Amino acid sequence: MHAQEPARQSDHETRRSPRTRAAALPPGLALQRTVGNTAAVEMLERERRRPAAGAGLAVQRVIDPAVIQGEQEAQGIAGPVKIVEVPDGVTAGTPFRAYPAGHCLNLTDADLNLSVQALNGGQADEMAADAVALAGGGGYLSEHRIILVNSRPEGGFTALQTIQHEMGHLLQHEQGFSVDMSGGRRALVEYHNMLVNENPRTGGMRTEYTSADNSIVSAVRDRATAAGVTGLNQPWKALVAYLETNDQDGSQRRLLEAIEQELAKDDYSEIEGRGLNKAQRRTKIRDRIGRMYFNNLFPQ
């Protein structure tokens, strides 16, 4: 299991690190920072090729159709897995059909007319990979069911690890869950994906999405109080209470209920920590979800 640091904003989504300039992203981009896992490394990692200096466009293949198909079957994804591997050296306005051979998987003819700029906004002449890198190197855009991933990943995660994580969001989408990551919703989407999709897939027990989920800073508490949200010393309880009156379509509570169903399993009864920090694993996870929710709802 890799370091438990951030991984993916918006109605179309993905994961984000505190170090990532997420605020610069237009709301239409579903890109998010991804956290890889042991299974992804074992199943998906293969040797990468780096172009020599002056070699021009970097063609670094990370998409292996056979591996993607195997992962699709393992995750139980019914529909096509559409992936665009964004190489170095192409502009955001470059249509996907002009990408090097092998960089687009399962895209329709209409999809091939799209570009990173079309999906993300921004300037046509900026580097496409730079736009994706702002969100941690990859993301799932639910409107088009397309996964974007940079050829050259960052933050210690491989491009294929990113794909595997984003496929989890595709599975959520297929199952009818909202993958809107605006505001605090990110916490529900990411923890649901981690607990329900990733952990069973890897055989591991990852219980923390990022280390930032272990605290709520005073600035966030002040903003929450100004908005009439109190009780953040019990973040899970505060989250449940907040959603009772702030979830008109019920999509957030549906994710919450699915998380609770997962946390009811015996594996989460184990006691963790010492002294005042001693508590059942499920209690610690619940509170991390609550903290991440309010940290994102009332960001610094």
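This is a short talk on one strand, two loop residues and one pocket in the structure above.

The model is a predicted one, so please keep that in mind throughout.

I will start with strand β1, which covers residues 82–86. Is this strand enclosed or open? Five of its five residues are buried, so β1 is largely enclosed by the rest of the structure. The cut-off for buried here is under 20% relative accessible area. Taking the two faces in turn, Lys-82, Val-84 and Val-86 lie on one side, and Ile-83 and Glu-85 lie on the other. Both faces are covered. Note that Lys-82 and Glu-85 are among the buried residues.

Next, the neighbours of β1. Which strands does it pair with? One partner is β4, residues 146–150, and the pairing is parallel, over five bridges. Within that pairing, Val-84 has Leu-148 of β4 as its bridge partner. Another partner is β2, residues 104–105, where the sense is antiparallel and there are two bridges. There, Leu-105 of β2 stands opposite Ile-83. So much for the strands.

Now two residues to look at for backbone geometry. Asn-106 is not a glycine, yet it has a positive phi of about 65°. Asn-106 sits in the loop between β2 and α3, the latter being residues 116–120. Its relative accessibility is 42%, which makes Asn-106 partly exposed.

The other residue is Arg-145. Its phi is also positive, at about 55°, and again this is not a glycine. Arg-145 belongs to the loop between β3, residues 138–141, and β4. How exposed is Arg-145? It has a relative accessible area of 22% and counts as partly exposed; the buried class is under 20%.

Last, the second largest pocket. It holds about 170 Å³ of space. Which residues line it? They are Asn-214, Leu-276, Asn-277, Ala-279, Thr-283, Lys-284, Asp-287, Arg-288 and Arg-291. Helix α10, residues 281–297, gives the largest share of that lining, with five residues. Sorted by class, the lining has four charged, three polar and two nonpolar residues. The charged ones are Lys-284, Asp-287, Arg-288 and Arg-291, and the nonpolar ones are Leu-276 and Ala-279.

To recap: β1 is largely enclosed, and it pairs with β4 in the parallel sense and with β2 in the antiparallel sense. Asn-106 and Arg-145 each have a positive phi. For the second largest pocket, helix α10 supplies the largest share of the lining.

Definitions and conventions:
Residues numbered from 1 in each chain as written. Predicted model: local features only at pLDDT ≥ 70, side-chain atom pairs only at ≥ 80, totals over all residues. Heavy atoms only, no water. 1 Å grid on protein atoms, 1.4 Å probe; cavity = no way out; pocket = protein on both sides within 12 Å on 5 of 7 lines; lining within 4 Å. Points joined across faces, edges and corners; volume = space filled by probe spheres on them. Helix = DSSP H or I, 4+ residues; strand = E, 2+ residues; numbered from the N terminus. Buried < 20%, exposed > 50% of the residue type's maximum accessible area, 1.4 Å probe, protein only. Pairing = 2+ DSSP bridges.
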